[in-house]
Structure formats: C-alpha cells, structure tokens
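Reader: Please take me through how burial, contacts, cores and pockets are read from a model.

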Amino acid sequence: MTEQALAAGLALLGVPPLPDLDGVDRHIADLDAAAAHHRELAAESGRAHRLAGANSGPAADAVDDHVNGRDGIALTAGDLADRLSNVAGMLRVARETLVWVGGLLAGLAALAVAAVAYAPHLLPRLRAIAVRVSARLREITARLGALMRGMSKTLTNRRVDRVADRFHDAWRAPRKLPGGTYEPRVKTTSDPAWIKKHDTDQVDIANTRYRDLPADWKRENQESARIGVQLVDEARTSGVDVRSERFMEEASSVVHDKWLVRNRDWAPEEQRRPYELLSEAEKEKDRDVIRMVLGI
C-alpha cells in the first residue's frame, strides 16, 4: 500500500496519521550507548580500585570509598547502566506494540479504500473499529512520551548533581589539610530532614561530601549546574559548536547573569558588573561552570 493510499484510507476512517518511530529509535540508540558507557565506567573504576589496592593509607582508603562506597562509582555507574538498559528494553517493547497497532490501522485503511468502491455500507463499521484502535495507539504513544520525558529528566538531574559535586570539590580543594581532611567551615542549615537525621543544625560544609550536604547548602551549586547543563544541551540541539570560544563567552555571560539574579543582595560590587566588565579571575569562575558541564 502506497503512502498516498494509506493517508487516503486513514482520512476516510477519520483517524490521524500513524506516528513516526524515528524519534523512538533515536532514544533507544542513545540509551544503549549511555548504558554501554556507564558499564565501561564501572569496569574502569574496578580496574582503578585494584591498582590502588596495592597501597595503604588515607589516599587508598579514599579511593576505596570513592569506587566501592555506598555512593561509589562502581555501584552508581553499574546501577545507572542497568536502569538505562531496562528503559531501552521497555521502549523496544512499546515500539513493537506501536508497529503492531499501526499495522492494524494500515489494514483498516486498505479496507476503507476498497469499501468506497465496493462496499460503502461497511465504512461506518470500519470507522468505529479504527477509532477504538487509534485511541489505543494514542494511549500507547502518550505513555511512551511520558516514559521518555521521565527518563530524560532523571538523566538531566544526574548530570546536574555530578556537575554540582565537582563544584563543591573544587571549592573545598584549597582547604585540604595534610591528613586528608579540610579546614572546617561550619554553617547553619534550615533543612528539617537533615537536622532530624543529624540532631543538629550545624554542618561543616568543607568536610561534608556534596551528596551528604543539607538541601539548602546544595542549592547554589545545583542552580549553577542546572543552568550550565541547559545551556550546553540547547546549544548542541541547535548545532552550535560548544567547544568554540564564542559559545564559551556567551554561555558564561548567561551563567553570570543568572548567578547575579540569585545573589545580588550580598554580591560584592566587583561581581555586580555585567560579564564583559568583570575581571578575568571572575570570568573564569563562570567559564568553569561550562567547562565542568562539558567535562562530564
């Protein structure tokens, strides 16, 4: 059946065109690639851990915790790889269902074209069947869209947290002491869940890993990371060269503007200037946001 005949048959049935599955195929391919990447990351972390196992001391303990701890690379990367593979599998099942339901509609469309010439009295019955099948197709498509949006949101949030984690480590790196701890920086938190868990509202943010920080002391890093991820994703979608100097400066300017909206009340005078009037040292802080997003 030609595309023109299919379109004519669907029009006779009063149902919309069949969905384009190219987008689903691209999502499946992207998920498979991401799952493979995270499996390799988990494998690489295991090899790094075995190499570090020959040593002992604070550094080796830190590597062990970073790789094999509760939130270590090996566990989180392996878990994410499994989740990505599971979603890709669900998308494949949904795709096959769409193909099957689409085939039913295509068959009904062919019958409708024939009925016009040979049995027009059958058209109302064919239309009724097609409407039910089309409704089922829309339901499957809607669920598929919700699944892809949910997965996209989950992946974006994970990227945001990874970038925010790097911000936190970069901030506390100059405070590192010879013993592996950091010069303390105690702050007050208003996060009720954190306060209840730790029985205090005082948190040493320098000696606390990002993932263990209270929500209010994660927020600024999360906001900067989210803006950076959004800028890079939008640029890539538009075909912009995200490694170019022009993109770096334009994106860094947006990062600064957004930061200033959030922090103008306390920002020092030299940081309240437009991006192009900032010192190179201040510009580098904004550029680092984009660099860290590009580096994950």
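The turns below go through two buried residues, the cores and a pocket.

Author: This is a predicted model, in which local features need pLDDT of at least 70 and side-chain atom pairs count only at pLDDT 80 or more, while totals for chains, interfaces and linings use all residues. Residues are numbered from 1 along each chain as its sequence is written, and side-chain values use heavy atoms, with hydrogens and water left out.

Reader: Is Ala 88 buried or exposed?

Author: Buried means under 20% relative accessible area, exposed over 50%, and partly exposed in between (1.4 Å probe, protein chains only). Ala 88 has a relative accessible area of 0%, so it counts as buried. Ala 88 lies in helix α4; helices (H or I, at least four residues) are DSSP runs, numbered from the N terminus.

Reader: Which residues does Ala 88 contact, leaving aside its neighbours within four places in sequence?

Author: Contact means heavy atoms within 4.5 Å. With those neighbours left aside, Ala 88 is in contact with Ile 28, Leu 31 and Asp 32. The C-alpha atoms of Ala 88 and Asp 30 are 8.8 Å apart, at a sequence separation of 58 residues.

Reader: Which residues of the largest nonpolar core touch the most other members?

Author: A nonpolar core is a set of buried Ala, Val, Leu, Ile, Met, Phe, Trp, Tyr and Cys residues joined through side-chain atoms within 4.5 Å. The largest has 30 residues, and those touching the most other members are Leu 13, Leu 31, Leu 91, Leu 105, Leu 108 and Leu 144. At least two residues each come from α1 (3-13), α2 (22-52), α4 (73-118) and α5, and α4 supplies the largest share, 13 residues. A second, separate core of 25 residues includes Val 160 and Phe 167.

Reader: Where is His 168, and what does it touch?

Author: His 168 is in helix α5 (residues 123-172) and is buried, with a relative accessible area of 3%. Not counting residues up to four places away in sequence, His 168 touches Ile 205, Thr 208, Arg 209, Tyr 210, Leu 213 and Asn 221.

Reader: How many residues line the second largest pocket, and which lie nearest its centre?

Author: On a 1 Å grid over the protein atoms alone, a pocket is an open set of points where a 1.4 Å probe fits, with protein on both sides within 12 Å along at least five of seven lines; lining residues have an atom within 4 Å of a point. The second largest pocket is lined by 28 residues, with Trp 171, Glu 220, Asn 221, Ser 224 and Trp 259 nearest its centre. α7 gives the most to this lining, seven residues.
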